[in-house]
Amino acid sequence: MNDTYVECLIKKKPNPLNVLIKAVIYAATATCAILALSGLLIMFVPTIGLGLLIYFWMPNLDLEYEYLYLDKEISIDKVMNKQKRKRVATLDLNKMELMAPENSHELDSYKNRNPKIKDYSSREPEAKRYILVYNGNAGIELHCIEPNAEMLKCIKSVFPRKMREY
């Protein structure tokens, strides 16, 4: 039982507009709640609506991605607001065709086919992103991830011909 386990956590770059959106929604909710409690009963409906918006939509503004590599499989989880976790992808690397840096010319032929692209990266400009070409159920998919050096080393040791570093 010689399983390799590597974990990597990537925080998505916050959008400056998200801070403004949060402030406006919280202020509107507080204003509606105060008006509803002061006797304007029609304001309960917007207060409840804004409260539901805060509960269900606001956690998506603070995202982290967690990559787990275990025995030729990468599991990608989306962590919302450091409270909720949702599995967004499980990639069996036996179905991987190629893994290369984002700007590699090896990926040109795949990008020209207009495949489904899924981005699980921080979107930081200086981050080293890798594109994983995956042969999924719906055809070729491109998964953009930011693995750490340890994860890259593990993938390269198992799939040396499918991994490119240039």
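The following paragraphs lead through a predicted model, from its two sheets to a surface patch and its salt bridges. Because the model is predicted, local features are taken only where pLDDT is at least 70 and side-chain atom pairs only at pLDDT 80 or more, while totals for chains, interfaces and linings use all residues. Residues are numbered from 1 along each chain as its sequence is written, and side-chain values use heavy atoms, with hydrogens and water left out.

One open sheet has four strands in the order S1-S2-S3-S4, with antiparallel pairing; here strands (E, at least two residues) and helices (H or I, at least four residues) are DSSP runs numbered from the N terminus, and two strands pair if DSSP finds at least two bridges between them. Strand S1 (5-11) and strand S4 (84-92) form the edges, each pairing on one side only. From one strand to the next, the twist averages 20°, where axes are lines fitted to C-alpha atoms, for helices over the stretch in contact, and angles run from 0 to 180 degrees between N-to-C directions. Between S1 and strand S2 (residues 63-70) there are seven bridges in the antiparallel sense, and Cys8 has Tyr67 in S2 as its bridge partner. Helix H4 (residues 149-158) packs on this sheet and touches S1, S2 and strand S3 (73-80), its direction making about 35° with that of S2; contact means heavy atoms within 4.5 Å.

Within the edge strand S4 lies Ala89, which counts as buried at 9% relative accessibility; buried means under 20% relative accessible area, exposed over 50%, and partly exposed in between, computed with a 1.4 Å probe and protein chains only. If its neighbours within four places in sequence are left aside, Ala89 is in contact with Ile74, Ser75, Ile76 and Tyr120. By contrast, the C-alpha atoms of Ala89 and Ala28 are separated by 36 Å, with these positions 61 residues apart along the chain.

The other open sheet also has four strands, but its order is S5-S7-S8-S6 and its pairing is mixed. Strand S5 (96-101) and S6 stand at the edges with a single partner strand each, so one side of each is left without a neighbour in the sheet. Neighbouring strands are turned by 20° against each other on average, direction ignored. The mixed pairing can be followed around strand S8 (residues 139-145): strand S6 (residues 116-119) runs parallel to S8 and is joined to it by four bridges, whereas strand S7 (residues 130-136) runs antiparallel to S8, with seven bridges. On the parallel side, Asp119 stands opposite Cys144 in S8; on the antiparallel side, Val133 stands opposite Leu142 and Tyr130 opposite Ile145. A hairpin of two residues joins S7 to S8. Six of the seven residues of S8 are buried, so this strand is largely enclosed by the rest of the structure.

On the surface, Leu37, Leu41, Phe44, Ile48, Leu52, Tyr55 and Phe56 form a nonpolar patch with about 810 Å² of accessible area together. Patches are made of residues with over 30% relative accessible area and no salt bridge, like charges being joined within 9 Å and nonpolar side chains (Val, Leu, Ile, Met, Phe, Trp, Tyr) within 5 Å, and the areas come from the Shrake-Rupley method with a 1.4 Å probe, only the protein chains shown counting as cover for residues. Helix H2 (residues 44-56) gives the largest share, five residues. Leu52, placed in H2, is partly exposed, with a relative accessible area of 46%.

Side chains of opposite charge can pair when their charged atoms come close. The structure holds nine salt bridges, each defined as a side-chain nitrogen of Lys or Arg within 4 Å of a carboxyl oxygen of Asp or Glu. One of them joins Lys118 and Glu141 (4.0 Å, N to O); Lys118 lies in strand S6 and Glu141 in strand S8, so the pair ties together parts that are 23 residues apart in sequence. Lys118 is partly exposed at 25% relative accessible area, while Glu141 is buried at 9%. In another, Arg85 meets Asp77 (3.2 Å, N to O), where Arg85 is partly exposed at 49% and Asp77 is buried at 3%. Lys156 and Glu165 also meet in a salt bridge (3.8 Å, N to O), with Lys156 partly exposed at 33% and Glu165 partly exposed at 48%. Finally, salt bridges that share partners join Glu66, Asp77, Arg85 and Arg87 into one network.
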